[in-house]
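Me: Hey, I'm new to this one and could use a quick tour. Mind if I throw some questions at you?

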Amino acid sequence: MTLREFRLPDLGEGLTESDIVAWRIAEGDAVELNQIIAEVETAKALVELPSPYAGVVAELHAREGETVNVGDPLVTFAVTAPAPSSTTEDDAPEPNLVGYGARPEHAGRPVRRARRVPAGVVPAAPVVRRDRAERPRSTPPVRHLARQLGIDLERVTGTGPDGLITRDDVAAVANRVTDSGPVTRIPIRGVRKHTAAAMVASAFTAPHVTVFHTIDVTAARELSARLTAETGAKIGLLAIVSRAVCLGLAAHPELNSRWEDGTQEIVQYGYVNLGIAAATDRGLVVPNVKDAGTLALPEMAAALAELTSEARAGKASPERLTGGTFTITNIGVFGVEAGTPILNPGEAGILALGAAQRRPWEFEGGIALREVMTLSLSFDHRVVDGEQGSRFLAELGARLERADEGELT
Amino acid sequence: MSVLTLGKALNRGLHRALADDPKVVVMGEDVGVLGGVYRITDGLQAEFGAHRVVDTPLAESAILGTAIGLAFRGYRPVCEIQFDGFVYPAFDQIVSQLARMHSRTRGAVTLPLTIRIPVGGGIGSAEHHSDSPEALFVHTPGLRVVTASTPQDAHTLLRQAIACDDPVIFFEPKRRYHVKGEVDEEAVELPMGSARVARAGDQVTLVTFGALVPTALDAATAAAEEGVSIEVIDLRSLSPIDYDTVAASVRRTGRLVVAHEAPFTAGLGAEIAATITERCFNFLEAAPVRVTGHDIVYPPARLEKHHVPDLDRILYGVDQVLGRVPAPSAAAERA
Amino acid sequence: MFVQLLAPDGARVPSAEFDPHVAHLGGDELLGLYRDMVVVRRLDAEATALQRQGELALWPPLLGQEAAQIGSARMLRPGDFVFSSYREHAVAYVRGVDLTDLVRVWRGTTASGWDPFSINMATPQVIIGAQALHATGYAMGIRNDGSDDVAVAYFGDGAMSEGDVSEAMVFAASFAVPVVFFCQNNHWAISEPVRVQSRVDLADRATGFGIPSMRVDGNDVLAVAAATAIALERARAGGGPTFIEAVTYRMGPHTTADDPTRYRDADELAQWQRRDPISRLGEHLRAAGVLDTSADERIAAESDAAAAELRAGCLAIADPPPLAVFDHVYAEPHATVDRQREDYARYLDGFAE
């Protein structure tokens, strides 16, 4: 005697349940194979169910009027003969070959079958910030590179079209040093962004050489004080230096030129647009005085004053900020002696003025406290030879030490 | 608001269409007296009469061809093709005539037919009862193709399809006819060409339609337990496809899986993968993955589970697009 | 025309025109036909029960059509070829199919229960009417070969509306090929009565194509045999196609998924039960003293044995292995299918249990 469970089959092309209309048997009854055991009603038809076994009805699993799902137990039979072994039983609780039709795909929570080799790690949580509708744009190979380098594309600024993140953008971030402590992040924008770009362009194209010359500017200072008192207008050391530079450039045109790769020409300017580096709230700007070579000392001083106040007020026009041919940068106002300034793109020379300090110096054969300043001249070594640059600087220094009013005004 | 099976929701949609427009005519094999082999047209002939709910002779080409003629006369036929595999005798009338008439007549003639076809497998049936022929129709200009996965969508989309002045092929997921859901007959409708985000997610966009939508939702539920967040999109409209919705999702997730029962080659998965790759190339973390039927004739009932994508196969595709297992593209490169 | 040689009550109806074609069927042969019909009815009932028990997905019963199928199929030669619908289980039985093969397709383990060339019978056709064209084409091949084999197309009244059947008759008539169109008018195409398909007798349609046509009592195995014999003879002699309308009745549902009480009334069924094909031949043979108690018992035992064999065979049909889905898509190797088979095998292999 074995117990065999008969479960409700799909009785017609996709049914999921049936109602028990009437039992034709009772528990304990003997039944023959194919004897009608029940009448059930489906969505499509009233159907008589024939017994799949010969034996005795052990248990009825539903009452008349009840709805039974396809696959649910209907009747348990105590079978006399060994029931035909269905070699077709599935893993899932699928009743005697039944499961034809639209049975539910899972009972309870949907769960996937376990895999032999577990799948790899789930990639990091979504990289899209809630306030953005899209993830960073990049091409698949660059994403791959970023993944390999462990770089989160959210932190990379794209310089490609429509903000596309390029390979270089990723590489740039990759070369960044990792922080070992708290940091403050300042977005790169505006003036700083443009200035930085210019510097990079300049620094990595022109071979820079810097020569230094420390000079006695006491006489120049005295000249400045005297001229200021006489004219009533401020004629500062910067103006004197600017005038001296213009005179020097006239004699050394190679310092007032540019290297032009595209045309394979060196362009020597026939005029001096003298740029003065100015620190403003928004960053470093270099407005220039147009045609400074034609300005006498008082006009130079006035032009410089106007330029400086304009720059400080943030009112320098684009025209003012472009077209320079030589630059002076006064780093002395910050208290340092010397530097290795970076050329303004399009120029071949830049002069940094250090702080004027009182130092023991050789004076008329003895030691005296004199006003001493170091001049730092960086030049584009493609255009300017060491000799030319050095001579220009030496002559400039000599002119300033002489501080000859007739020469300078 | 009531809870109806998808089949009953369709029945109610047909009822409303017949009641609202005297030009609507339902026609097909066994739709009248019997009420349809799936009872979708149950009770309609008794209510509206045999001239509006017509038991036709056994000839699919004629069902379509005469419906076209009826439409010329100003009627709005709703044809039933009894099973997917039986549509092919009608294919000529659909492709050569129905799809082209508006264009042929320079817009003078509209043929506002709706052709209802139960599709898909999983019902354990004989040959020709389990096909998914949507690609053939989507590839035919002049036809709109729509499908529903919920009773609500079935109801509203069918009414929209009938009201639409273009010919609409309306695919019904036959193995979901019994699924119950809320139906509001006065619900505000999504536009007919729109997709629906069935479940929001962050990491993978899973696009499917029809009978596979519940499977996809189950897959997303199971995946959530592994910490994978899947967004499920129910396309609803296959021609046109709502690429705006899909692309917006992929721009966030960067990963696309498309699932359909129809065979792999030249199925809708190929079309969607190509278009999303074009539109979202710079947002993709991985090549799109398609989880589909194989390039085989639909198999006998005992083997169909090895053909129709199930939860496990869909999640395997998700694993592939996440890079947790080798992607099809990677396997292809190695070969 | 309505050819009837055996009335519903079993009385023999003489016919000068048709009697000669069944004269060779003596008592033993008639008893054989009776036994065939009893056995196939029993097999049909067993298959229906198996479906109700969940062992078959679906079954389209032939209940009531035994005479039409047995009477015609028994007239065929082994070299003839049959193209049928999905309901001609009795024809397959006569062609010599293994009993279990009758149910393989309905079990859902295969698309075809037998190799068509093993019994010269094509896989039963699910698409209504398509087989008519195939039979016609096969007959075109027979004619080219100069053979006297015949192709037979079995289909129902519903199929007469499908374009394929009309087109088949056009070709058959035009090329005068050796094909027999055997239409079982069982009065119902699922829920649609035959009057929806036709306003005239189906046999009259064939005449319109220029094809000789006979309308017979499909529940009269003798009439069916006679008409079939005539048609086969004509075809073998180069006389071209014949159409036979066998008027019968689908006493069961369209398939086990159908409920006929929704669309036809019990009176009609009762009427046709009074014209049952098996009981009329039984009456005839009892009256003739051919069907006695021992014959009854013998036949009952044979039925039981056949049913048991069918049941055991059905239950023993195992599921095919998963990768079988990739078999036989093409006759020659196909790279895409091969690759998908590999991929799927690898996928299945990856499960833990």
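Me: How many helices and strands does chain B have?
Reply: Chain B has twelve helices and 14 strands. Keep in mind that this is a predicted model.

Me: Okay, and what radius of gyration does chain B have?
Reply: Chain B comes out at 20 Å, in agreement with the value near 20 Å that a compact globule of 335 residues would have. Along the principal axes, the C-alpha atoms of chain B fill a box of roughly 60 × 45 × 40 Å.

Me: What share of its residues is buried?
Reply: In chain B, 64% of the 335 residues count as buried. The surface that chain B exposes is about 11000 Å², with 54% supplied by carbon and sulfur atoms.

Me: What about contacts between residues 24 or more positions apart?
Reply: Those make up 80% of the chain B contacts that have a separation of 6 or more.

Me: And the charges, how many of each in chain B?
Reply: There are 31 positive and 41 negative charges in chain B, and their mean positions are 2 Å apart.

Me: Switching topic. How many residues are in contact between chain C and chain A?
Reply: On the chain C side 31 residues are in contact, with 32 residues of chain A. Together, chain C and chain A bury about 2400 Å², and 48% of that is on carbon and sulfur atoms.

Me: Which three residues of chain C supply more of that than any other three?
Reply: That would be Arg52(C), Gln53(C) and Phe351(C), which supply 25% of the area that chain C buries against chain A.

Me: Anything odd in the backbone? Where is there a cis peptide bond?
Reply: Look between Ser239(B) and Pro240(B), where omega is about 0°. Pro240(B) sits in the loop between strand 12 (237–239) and helix 9 (243–253) of chain B.

Me: Why bring that up?
Reply: Because most peptide bonds are trans. Likewise, most residues other than glycine have a negative phi.

Me: So which residue of chain B has a positive phi although it is not a glycine?
Reply: Arg106(B) does, with a phi of about 55°. You'll find Arg106(B) in the loop between helix 5 (101–104) and strand 5 (114–119) of chain B.

Me: Is Arg106(B) buried or exposed?
Reply: Arg106(B) is exposed, because its relative accessible area is 70% and the cut-off for exposed is over 50%.

Me: And what's the phi of Asn120(C)?
Reply: Asn120(C) has a positive phi too, about 50°, and is not a glycine. Its loop runs between helix 5 (116–119) and helix 6 (130–145) of chain C. Asn120(C) counts as buried, because its relative accessibility is 17%, under the 20% cut-off.

Methods. Residues numbered from 1 in each chain as written. Chains lettered and ligands numbered in written order. Predicted model: local features only at pLDDT ≥ 70, side-chain atom pairs only at ≥ 80, totals over all residues. Heavy atoms only, no water. Helix = DSSP H or I, 4+ residues; strand = E, 2+ residues; numbered from the N terminus. Rg over C-alpha atoms; globule rule 2.2 N^0.38 Å. Buried < 20%, exposed > 50% of the residue type's maximum accessible area, 1.4 Å probe, protein only. Contact = heavy atoms within 4.5 Å. Areas by Shrake-Rupley, 256 points an atom, 1.4 Å probe, with all protein chains shown as cover. Lys, Arg positive; Asp, Glu negative; His and termini not counted. Charge placed at Lys NZ, Arg CZ, Asp CG, Glu CD. Buried area = accessible area lost by both parts, 1.4 Å probe.
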